[in-house]
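This report describes selected geometric features of one structural model. Please consult the sequence and coordinates shown below alongside the text.

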2 protein chains.
Amino acid sequence: MATERQVKASRGVAGRRPGEPRKPVTMIEVAAAAGVAQSTVSRILNDSPGMIAVSEQTATRVKRIAAELGYRPDPIARALRGAPTMLLGAIVRDITDPFFTGAVEALTIACKARGYSVVLGNARATEDEALAITAVLEARQCDGIVLFGDFTAEHRLVDDLEDLHARIVGLWHGSENEHPFPTVGVNNRSGVRAALDHLAELGHRDIAYVGAESLGDMQDRHAAYVEWMSEHGLPIPDGAIQIVPNYFGGGNHALGPILDRAPRISAVLAATDTLAVGLLHAAHARGVQVPNELSIVGFDDISMAAVTVPSLTTVRMPVVEIVTRGVDLCIGENPWSGVWPPPREEFEPRLIVRGSSAAAVTTQPL
Amino acid sequence: MATERQVKASRGVAGRRPGEPRKPVTMIEVAAAAGVAQSTVSRILNDSPGMIAVSEQTATRVKRIAAELGYRPDPIARALRGAPTMLLGAIVRDITDPFFTGAVEALTIACKARGYSVVLGNARATEDEALAITAVLEARQCDGIVLFGDFTAEHRLVDDLEDLHARIVGLWHGSENEHPFPTVGVNNRSGVRAALDHLAELGHRDIAYVGAESLGDMQDRHAAYVEWMSEHGLPIPDGAIQIVPNYFGGGNHALGPILDRAPRISAVLAATDTLAVGLLHAAHARGVQVPNELSIVGFDDISMAAVTVPSLTTVRMPVVEIVTRGVDLCIGENPWSGVWPPPREEFEPRLIVRGSSAAAVTTQPL
DNA sequence: TTGTACGCGTTATCAT
DNA sequence: ATGATAACGCGTACAA
């Protein structure tokens with residue numbers, strides 16, 4: 001009568017073939033099995049706030065039967081009733097970027113602490129189709145949306161987002177841009193200055209800069225570099241500023257032009273660790289010793305920065321703080337109240353000195 | 001009368017203060033504004049498959065009004081009607097792991113191509129609370145769930161998952177384990193053998209192995225290493241096998257014991273690139289030249305493997321193929337039919353020779 | 001060609 | 001202490 005294969009820890013549903021998903025059990029079925037009304041089941045299973053007493057008798061019986069039947073509340077029906085979906089959308093400019101990878105990790109942790117799950121939208125997968133992202137995300141119902149990176153250029157996306165019934169927060173959205181939602185970021189200027197001060201203390205005067213093309217933070221760091229150099233009366237020779245795509249390969253290709261066109265350069269500030277890693281690789285390939293012949297300083301302190309060869313001196317991004325703050329602004333207890341203009345909050349980065357920076361040596365041996 | 005601030009591209013809803021999310025517009029409101037029945041709006045907006053003609057007149061009018069009002073279909077209500085949620089759950093053993101990071105990227109792309117979004121579950125965030133993951137994911141309604149890594153130890157989670165009304169697929173779930181769902185993975189044995197054959201061709205005979213503690217693939221690679229060494233009549237000296245956590249730091253700490261206890265070792269096979277990167281770092285810190293004095297081969301070909309110093313010889317995991325296949329098995333056109341036992345599919349890895357492996361030198365100088 | 005009515009699974013407000 | 005009933009927003013068979 002019973003099948004040979006025993007279903008382990010059977011819940012009383014007999015003979016279900018493993019594999020195909022089980023048909024969900026509804027409250028009505030539980031009610032029928034318990035011989036009570038469906039509304040009663042709802043009250044019992046939800047410990048209704050109405051405080052209306054329920055007989056211990058039926059309560060335990062209903063709970064038992066619900067467990068036996070493997071009842072699971074349907075979140076969709078609950079959501080239709082107005083319950084929050086407990087979903088937080090994350091739109092990431094480039095999920096390949098190791099920095100954003102770390103940020104997403106921090107996001108999942110911050111969300112989990114609040115009972116939320118993360119819905120991932122990768123902005124890079126489809127170029128102009130950034131609109132499609134919205135469509136994808138609109139099709140879901142997220143209680144909030146967190147933007148990772150600068151999306152000011154994606155007017156269509158930002159506009160669409162505003163029409164969504166969800167709270168929006170921008171992370172690392174750049175400092176210069178207008179934004180109809182609160183943003184949280186880092187003080188790029190102070191980070192860049194800390195890095196350059198460090199190099200100056202080591203005796204470097206000929207410092208190059210490798211940045212990325214994207215907006216927001218990249219512009220801030222670029223500007224801070226130019227400003228600092230100017231303040232210290234240091235000229236920026238031709239070729240000492242390279243703007244490349246923010247990939248490993250970008251940094252890899254940036255070193256050649258710098259050393260060829262500005263041979264006096266003794267240190268390079270990279271706008272991101274991703275670029276710095278590429279620079280490290282390029283230096284090795286070119287036979288340039290780091291840090292003896294060339295110092296390299298990154299920005300972000302991504303996880304691999306501690307284990308590069310040599311380990312990377314960099315500016316640590318307070319990722320956890322920024323993400324946590326952003327999540328709070330979005331779905332926390334005191335979300336943005338709607339006051340205009342929306343706030344921009346900035347956290348302070350911190351210089352981490354490792355093995356890729358050392359004292360400058362005079363290019364002219366005596 | 002009107003506020004000073006003009007709302008750009010206003011949709012006809014006047015005076016909405018920017019910031020707070022707009023109240024959603026329902027079909028009923030659209031119908032009321034257009035002077036038709038709600039069902040009519042539904043038909044028009046959905047190009048109903050019933051082929052029932054609709055007058056061009058009202059159709060365009062309704063569409064216009066819907067657009068003006070900024071109508072958005074409510075995905076929750078649709079889902080309640082039985083429509084798929086177009087959500088795919090991803091449960092990742094450790095989202096910090098650079099390998100899984102790449103896999104998730106591939107997942108988002110594969111999903112987007114099918115109109116799906118990814119809901120991220122990080123298994124590492126909460127230790128024993130793996131159960132909570134289920135709770136979190138159960139609270140959502142995913143059409144399918146993809147497991148990244150080996151979860152056979154998490155019986156509770158797998159059991160709970162089976163109760164979910166969703167299709168499940170396991171990726172990199174190990175070859176030895178029973179699994180009540182289809183799995184897709186890599187041929188670890190052939191990958192390891194390719195790596196070791198490569199080292200043998202370079203003249204290496206004293207080859208160490210650094211593996212990780214987790215299950216599944218790690219066990220397969222470990223066993224394949226032992227098997228290969230045995231087949232070639234090569235002894236495995238004490239200390240030549242190190243099992244460490246699968247982090248950069250794990251590989252970093254593994255090199256010391258190997259070189260101290262088995263000084264004849266001239267090459268190390270790492271079970272993952274993550275470990276290999278740590279080994280590279282440790283070798284540099286110890287002053288051991290790679291590849292001149294020590295060859296290191298990894299496994300996975302994570303993105304950074306091409307830019308380490310030196311670049312890493314490794315076994316390339318066909319990530320995209322595996323993920324794509326898994327997604328198809330889960331939510332594709334021909335998902336797993338339920339035949340028992342569920343299939344396990346394997347893809348072939350490929351050796352990528354880079355700069356971290358070179359010919360062995362005799363330890364005894366003449 | 002369009003309107004009416006029902007149900008999806010819940011929760012909440014009434015009655016009983 | 002519990003049962004009946006009305007929403008929630010949408011799709012769809014059925015009636016007009």
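The following sections treat the contacts with DNA, the backbone geometry, the helix packing and some individual loop residues.

**Basis of the report**

The model is predicted, and local features are reported here for residues with a pLDDT of at least 70.

**Surface around DNA strand C**

DNA strand C is surrounded by 28 residues, of which Gln38(A), Arg78(A), Ser39(B), Thr40(B) and Arg81(B) come nearest. Of the atoms of DNA strand C that come within 4 Å of the protein, 54% belong to sugar and phosphate. Sorted by class, the surface near DNA strand C comprises eleven nonpolar, ten polar and seven charged residues.

Both protein chains supply secondary-structure elements to this surface: α2 (38-46) and α4 (75-80) of chain A, and α2 (38-46) of chain B, each provide at least two residues. The greatest contribution comes from α2(A), with five residues.

The table lists polar contacts between DNA strand C and the protein.

| Protein residue | Protein atom | Atom of DNA strand C | Distance |
|---|---|---|---|
| Arg81(A) | side-chain N or O atom | base oxygen | 2.8 Å |
| Ala37(B) | polar backbone atom | phosphate oxygen | 2.8 Å |
| Arg43(B) | side-chain N or O atom | base oxygen | 2.9 Å |

In these contacts, the side chain of Arg81(A) addresses a base oxygen, and the side chain of Arg43(B) likewise addresses a base oxygen. Ala37(B), by contrast, uses a polar backbone atom and pairs with a phosphate oxygen.

**Backbone geometry**

Most residues other than glycine have a negative phi, and most peptide bonds are trans. Several positions in this model depart from that pattern.

A cis peptide bond links Val309(A) to Pro310(A), with omega near -10°. Pro310(A) lies in the loop that joins β9 (295-297) and β10 (314-316) of chain A. In chain B, the bond from Trp340(B) to Pro341(B) is also cis, and its omega is near -5°. Pro341(B) belongs to the loop between α12 (319-331) and β11 (344-347) of chain B.

Positive phi values occur at two residues discussed here. Asp300(A), which is not a glycine, has a phi of about 125°. Asp300(A) is placed in the loop between β9 and β10 of chain A, the loop that also holds Pro310(A). Is Asp300(A) buried or exposed? Asp300(A) counts as buried because its relative accessibility is 4%, below the cut-off of 20%.

Met86(B) is likewise not a glycine, and its phi is positive at about 60°. The loop between α4 (75-80) and β1 (87-92) of chain B contains Met86(B). With a relative accessible area of 24%, Met86(B) is partly exposed.

**Helix packing**

In chain B, helix α1 (residues 27-34) packs against helix α3 (residues 56-69) at an angle of about 125°, and their axes are 9 Å apart. The two helices, α1(B) and α3(B), are therefore oblique to each other, since the angle falls outside the ranges for roughly parallel, roughly antiparallel and roughly perpendicular pairs. The crossing of α1(B) over α3(B) is right-handed.

In chain A, the axes of helix α10 (residues 248-261) and helix α11 (residues 273-286) come within 6 Å and cross at roughly 55°. This angle makes α10(A) and α11(A) oblique to each other as well. α10(A) passes α11(A) in a right-handed crossing.

**Individual loop residues**

Which backbone oxygen does the side chain of His204(B) reach? The partner is the backbone oxygen of Ala358(B), at 2.8 Å. His204(B) lies in the loop between α8 (188-201) and β6 (207-212) of chain B, and its relative accessible area of 3% makes it buried.

Arg114(B) is located in the loop between α5 (98-113) and β2 (117-122) of chain B. Arg114(B) is partly exposed, at a relative accessible area of 27%. Although Arg114(B) and Asp328(B) are 214 residues apart along the chain, their C-alpha atoms are separated by 9.5 Å.

Ser175(A) occupies the loop between β4 (167-171) and β5 (183-186) of chain A. The relative accessibility of Ser175(A) is 26%, so this residue counts as partly exposed. Ser175(A) and Ser230(A), 55 residues apart along the chain, have C-alpha atoms separated by 21 Å.

Methods: Residues numbered from 1 in each chain as written. Chains lettered and ligands numbered in written order. Predicted model: local features only at pLDDT ≥ 70, side-chain atom pairs only at ≥ 80, totals over all residues. Heavy atoms only, no water. Near = heavy atom within 4 Å. Polar contact = N/O pair within 3.5 Å; in protein donor to acceptor, adjacent residues only side chain to side chain. Helix = DSSP H or I, 4+ residues; strand = E, 2+ residues; numbered from the N terminus. Nonpolar A, V, L, I, M, F, W, Y, C, P; charged D, E, K, R; others polar. Buried < 20%, exposed > 50% of the residue type's maximum accessible area, 1.4 Å probe, protein only. Axes fitted to C-alpha atoms, helices over the stretch in contact; angles between N-to-C directions. Parallel < 35°, antiparallel > 145°, perpendicular 65-115°, else oblique. Left-handed = near helix turned anticlockwise from the far one by under 90°.
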